[in-house]
Every structure is written in C-alpha cells, then in structure tokens.
Amino acid sequence: MTGPAEDTKSQLTLLSSKLLHQHQAVEAALNRHVFVWKEIEEKSQKRSSGISKTSRSHIVQVSEIVGIHKVEDEDHTKSKWDQKKTLQFSQLFPNAFTVFYVKRTKNHRWRCNEATFSCSSAELCEQWIQVTREQLSLLTNRPKRLLVYINPFGGKRRGKRIYEEKVAPVFQQAGISADVIVTERANHARDHLTTEANLQQYDGVVCVGGDGMFSEILHGLVARTQNDNKVDQNRPDAELKPCMLRIGIIPAGSTDCICFATVGTNDPVTSALHIIIGDSQPMDVCSVHHNDVFLRYSVSLLGYGFYGDVLADSEKKRWLGPARYDLSGVKAFLCHNYYKGTVSFLPAEDNLGHPRDKLQCRFGCSICQHKQSSKDKLRETADEETAAEVSSSSWKVICGKFIAINAANMSCACPRSPKGLSPSAHLADGTADLILVRKCSRLDFFRHLLRHTNTDDQFDHSFVEVHRVRKFHFEPLDPQPLLLENQSELPKKPGFCPLGSAQTTCIPSAAHSSWNCDGEILHHAAIQVSVHRQLIRLFARGIEEQQQRV
C-alpha cells in the first residue's frame with residue numbers, strides 16, 4: 001500500500017528547499033495537495049552515534065492550512081508573553097514564516113496548530129508565503145466574508161466573549177473578514193436576514209449561540225430564499241428552494257445539539273476551523289403546518305407528549321437556566337401523561353435503510369449521497385394526480401394512546417445522550433425517524449429513557465415502534481384544546497398529578513400536549529410535517545469515523 005509520503009512524490013512539486021524548523025534542518029516541499037517537511041539527519045551525527053534513527057516527516061493537507069504569515073507580521077492580539085517571544089524569534093531569524101494548520105485531537109476536536117520555518121534569505125521566505133497563498137486562493141469553497149450574529153443572552157451568556165477570544169483570532173489568521181451583529185432581542189437575526197441583510201456580499205452566515213439562535217438563522221435564511229423565489233411557504237406541498245449561503249454554528253448554548261450531530265463536538269474552535277476550510281454539509285429541514293398554514297421549520301427534534309410537556313413547563317422556569325430542563329423532566333416523568341391521537345405517515349423507500357440498522361451517519365455517508373430516483377420524486381410531488389394516487393396507497397395510519405411522539409431529523413446526540421434519540425438517523429437523506437412510544441407503565445418508560453444515555457437499543461421494547469418517513473400528520477383525539485386558566489379550581493380526577501404543592505397540577509391525559517419544535521413551543525396539536533431534502537448547508541462535514549492524526 002502506498003503511503004502519504006510516496007503519494008507526494010507523484011505530484012508536481014511547486015516548491016522545495018532546505019529550511020530550519022525548531023533548530024532542526026528539514027527538507028520542505030509543497031505541491032497542490034500537501035505541504036510536507038522531513039527532518040534531515042546530518043552525516044556527522046550518524047557516524048558519532050552509530051545508530052541511524054528514522055527521520056520524522058510531517059504532512060499537512062493544503063486544504064487544511066488555515067493561513068501562512070511572516071513571523072514579524074503575525075497577529076498582535078496574542079498575549080504579551082507570546083508577542084515578546086515572537087519578537088525575539090524574528091530578531092534571531094529575520095527570514096521566517098509560520099504555517100497555521102488543522103490538527104485533530106481526541107473527541108473530534110480540532111486545534112489550530114502552527115509550525116515556524118526559517119529561510120536562508122528574504123527572497124526564499126517571500127516565495128514560500130506567496131506560492132502557499134496562491135494555492136489557498138484556488139480553494140474556492142473557502143469563505144472570504146461572513147455575516148456573524150452573536151446572541152449575548154443564550155446559554156451562560158458567553159457568546160460575545162467566545163467569539164472575541166476564540167473565534168475572531170483564527171478568522172484573522174485565515175484572512176476572513178466578518179461583519180458582526182450582536183442581537184438585541186428575540187428574532188432580531190431572523191428579521192434582519194429576512195428583510196434587511198444584503199446577502200449577495202457574503203459567503204456565509206454564522207451564528208454564535210445555541211440551537212435557538214441557529215433556528216433564528218435558519219428561519220430567516222429559508223424565508224428569504226423562498227420570498228426571493230416567489231415560493232409560498234404556507235403550502236404544505238410547496239417545493240422549497242435550497243439556500244445558497246452556508247450556515248456556520250459557533251456553539252455557545254445549553255445543548256448545542258446541531259453541532260454534535262454535524263461536527264461531533266460543541267467546541268467553538270473546532271467549529272471555527274470547519275468554517276475556515278470551507279466544509280459543506282447538506283441538511284434536511286422539516287416544514288410544519290397546521291390547516292395549510294406554515295408554523296415553523298425543524299432540523300432536529302419534533303416532540304409531542306413527554307418532550308412537549310417538558311418544554312412547556314420549563315418555559316415557566318427560565319430563571320433557573322439550563323437546570324430548568326432537569327426539573328421539568330422529572331415533573332413530566334412523574335405525571336406520566338398519555339395522549340390519544342392518530343398518526344399517519346408516508347414511509348421512506350427501502351434503499352434509505354431503517355432506524356434500527358445501526359448504520360450511523362458519518363462523513364461521506366453513502367445514504368445521504370444517494371441520488372433520488374424518478375419514483376422517489378413522484379412520491380414527493382403531491383400536487384400531481386399520478387403522484388397523489390401513488391402516495392395515497394402508501395400512507396400508513398396508526399391510532400392509539402401515546403406517551404411520546406418524536407420525529408428526529410438527526411441523531412439528536414448531546415453530552416447526556418451520546419447516541420441520541422435516533423442513533424441511525426441521517427442528516428441529508430430526505431427522511432425523518434418517527435418514534436412512537438405507546439402508553440406503558442412508568443417503569444417501562446423509565447427503561448426507555450435510560451437507554452438514551454447508553455448504547456443499548458432504545459427501540460427494543462414492545463411499546464416502542466420507529467419508522468423512517470418522508471411525511472407525517474398527527475390528529476389529536478379531541479379537536480379542541482383544554483385551557484387551564486385557574487388550575488386551583490379544577491376538580492380532582494384521574495389524570496391529575498399534584499407534585500410538591502397544591503398549586504402545581506399536571507395536564508390531564510384527555511387534554512393536548514404541545515409540540516416541542518427544536519426547543520420552541522407549537523400550541524397547535526394537529527400538524528402536517530414534510531421533510532425537504534438538503535434544503536440548507538452547514539460549514540461542517542459530518543462526524544469523521546476515525547480521528548486522523550497529523
């Protein structure tokens with residue numbers, strides 16, 4: 001098998017010379033694909049030791065070089081100690097340059113590593129910088145100008161500091177300019193994207209915040225794209241136009257579910273580096289309608305019943321921060337409500353796998369890259385008569401009592417649930433995994449929830465079923481929601497579950513739950529959901545199967 005070092009020999013060498021790296025002579029070479037340097041062992045050392053040690057070589061993909069700078073011109077935002085070291089080095093070695101590049105570490109984290117080389121002359125130093133930058137300029141997938149929105153209130157209110165201290169410096173090293181907007185209210189970013197932003201001058205949009213901030217960017221960008229293309233979002237069968245601009249996520253929230261599913265970690269520097277090298281990961285988006293009126297878009301979780309109850313209750317406890325989800329989760333579990341309704345869905349084709357097939361979505365996923373057949377497109381085009389005939393015969397209907405109804409567009413993995421709600425869900429295959437948890441005992445439901453935290457098959461219960469779907473509808477049994485305006489006056493009857501005090505009353509089983517749509521509440525129980533394949537693209541690549549080490 002040919003190794004990376006042998007591969008570089010078959011490529012046209014653009015530049016090759018002897019340089020000095022960490023007081024060690026090296027042979028450095030650059031071609032269109034890789035930058036490689038190898039230590040040179042002096043003959044005198046060989047003779048004196050009598051032992052020939054293997055020379056170490058380092059290979060960096062050109063596509064993963066962040067930037068190259070002359071040492072004396074390096075970033076002055078460094079600490080005073082680092083600036084002093086840089087000054088001392090430039091005085092000792094005036095003809096030196098530094099290459100900044102991606103280095104993989106454990107748990108899918110990336111770091112911006114650097115290697116400094118000294119040249120024999122100023123002309124050689126300038127040549128290395130010029131030729132390397134020319135190769136970087138040929139990478140057309142890299143962004144040059146970004147529109148950045150920072151949520152200063154999300155998560156632990158660290159968004160602005162995270163961007164300024166961890167992200168802006170690496171953007172500067174990569175030569176990326178950014179127009180930064182610090183949001184001042186809810187939906188500030190969405191409204192600005194929808195109506196004001198001049199998107200033609202940017203290569204991408206970046207949000208600094210949590211999943212809620214990402215949802216704002218998503219809604220603003222998708223709405224803007226549909227408005228520009230005269231697409232009516234209120235039509236459930238509308239063929240939505242894909243967004244041209246990619247979205248970057250700098251995690252600074254409570255859960256950062258989207259980052260975990262698309263990068264593998266919620267580390268800000270890792271996300272910034274994915275943006276810099278211009279990664280592109282397509283993603284499906286669900287549109288949610290009620291009576292042919294558009295409600296919201298979803299990219300991660302649509303949850304009715306348990307997760308809807310958790311979110312609805314947690315909204316009253318926002319002052320607790322992220323801890324509110326734990327408290328509300330315990331309360332919803334103890335109440336153990338179930339809801340009656342009818343779920344109808346259009347199953348996905350067999351070639352798209354099954355939620356229990358253990359084929360996880362990873363970088364270069366073959367299922368996400370499959371091309372739609374004419375039959376697939378026919379099933380999705382519901383406004384044509386022939387398609388309607390095909391679709392109507394394919395729809396499945398399930399009636400029953402449900403503790404939870406969840407639709408996952410992705411695995412929904414996070415630190416507390418390393419495999420997620422649906423470990424084999426795919427990011428860009430045009431489907432969602434519909435998980436139905438029927439009425440069961442509190443102990444059985446606890447066993448189901450517990451499997452979210454480990455590697456056991458969470459669908460291996462008689463009361464749980466899961467389907468891979470392209471569309472689904474839900475109709476509650478009771479068409480009218482029960483309003484609980486004065487809970488203290490409600491009579492005690494089955495379905496009510498006091499917890500802690502007489503003023504805390506759970507929703508009765510006969511009433512509706514709310515839909516949890518990516519962390520936002522939908523108060524309409526009856527909904528229509530369609531999956532739009534690869535509607536958006538992120539500055540990400542999916543989770544890498546194996547951590548490569550440079």
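Colleague: Before we start, what counts as a salt bridge here?

Modeller: We're looking at a predicted model, so this is a rule applied to its atoms. You take a side-chain nitrogen of Lys or Arg and a carboxyl oxygen of Asp or Glu. The pair counts as a salt bridge when the two atoms are within 4 Å.

Colleague: Okay, and which residues are linked in a network of salt bridges?

Modeller: Side chains of opposite charge can pair when their charged atoms come close. In this protein, such pairs join up into a network of salt bridges. Its members are Glu64, Arg104, Asp279, Arg541 and Glu544.

Colleague: How many salt bridges does the rule give?

Modeller: The cut-off is 4 Å between the nitrogen and the oxygen. Go through the model with that rule and the count comes to 24.

Colleague: How far apart in sequence are the parts that Asp433 and Arg468 tie together?

Modeller: Asp433 and Arg468 form a salt bridge, with their closest N and O atoms 2.8 Å apart. Both residues are buried. Asp433 sits in strand E17 and Arg468 in strand E18 (residues 464–476), so the parts they tie together are apart in sequence by 35 residues.

Colleague: What about Asp228 and Arg224: what separates them along helix H7?

Modeller: Their side chains meet in a salt bridge, 3.5 Å from N to O. Arg224 counts as buried, because its relative accessibility is 16% and the limit is under 20%. The two are four residues apart in helix H7 (residues 211–228), so what separates them is about one helical turn.

Colleague: Arg190 and Asp191 form a salt bridge too. Are they buried or partly exposed?

Modeller: Their side chains meet at 3.0 Å, N to O. Buried would need a value under 20%, and exposed one over 50%. Arg190 has 30% relative accessibility and Asp191 has 25%. That makes Arg190 partly exposed, and Asp191 is also partly exposed.

Colleague: Let's move to Asn409. Which backbone oxygen does its side chain reach?

Modeller: Asn409 lies in the loop between strand E16 (396–408) and strand E17 (432–438). It is buried, with a relative accessible area of 2%. Leaving aside neighbours within four places in sequence, its contacts include Val285, Cys286, Ser298 and His426. At 3.4 Å, its side chain reaches the backbone oxygen of Asp284.

Colleague: Asn187 is in a loop as well. How far is its C-alpha atom from that of Ile217?

Modeller: The loop holding Asn187 runs between strand E9 (177–182) and helix H6 (188–196). Asn187 is partly exposed, at 28% relative accessible area. Along the chain, Asn187 and Ile217 are 30 residues apart, while their C-alpha atoms are separated by 8.8 Å.

Colleague: How many residues of helix H9 are buried?

Modeller: Helix H9 covers residues 268–276 and is mostly covered. Among the buried residues are Pro268, Ser271, His274 and Ile276. Just after H9, Gly278 takes a positive phi of about 80°. The buried count for H9 is nine of nine.

Colleague: Now the strands: which residue takes a positive phi in the hairpin of E1 and E2?

Modeller: Strands E1 (residues 13–21) and E2 (residues 24–31) run antiparallel and are joined by eight bridges. Across that pairing, Leu15 stands opposite Leu30. The hairpin has two residues between the strands, and the one with a positive phi, near 55°, is Gln22.

Colleague: And which residue in E3 stands opposite Ala28?

Modeller: E2 also pairs with strand E3 (residues 34–39), running antiparallel with five bridges. These two strands form a hairpin with two residues between them. Opposite Ala28 stands Trp37.

Colleague: How much accessible area does the nonpolar patch with Leu450 have?

Modeller: Leu450 belongs to helix H14 (residues 442–450). It is partly exposed, with a relative accessible area of 43%. Leu443 and Phe446 join it in the surface patch, and together the accessible area is about 300 Å².

Colleague: Last one, on the whole protein: what share of its residues is buried?

Modeller: The protein has 14 helices and 21 strands. Its accessible surface comes to about 27000 Å², with 50% belonging to carbon and sulfur atoms. Of the 550 residues, the buried share is 52%.

Definitions and conventions:
Residues numbered from 1 in each chain as written. Predicted model: local features only at pLDDT ≥ 70, side-chain atom pairs only at ≥ 80, totals over all residues. Heavy atoms only, no water. Buried < 20%, exposed > 50% of the residue type's maximum accessible area, 1.4 Å probe, protein only. Polar contact = N/O pair within 3.5 Å; in protein donor to acceptor, adjacent residues only side chain to side chain. Contact = heavy atoms within 4.5 Å. Areas by Shrake-Rupley, 256 points an atom, 1.4 Å probe, with all protein chains shown as cover. Pairing = 2+ DSSP bridges. Patch = residues over 30% accessible without salt bridge, like charges linked within 9 Å, V, L, I, M, F, W, Y side chains within 5 Å.
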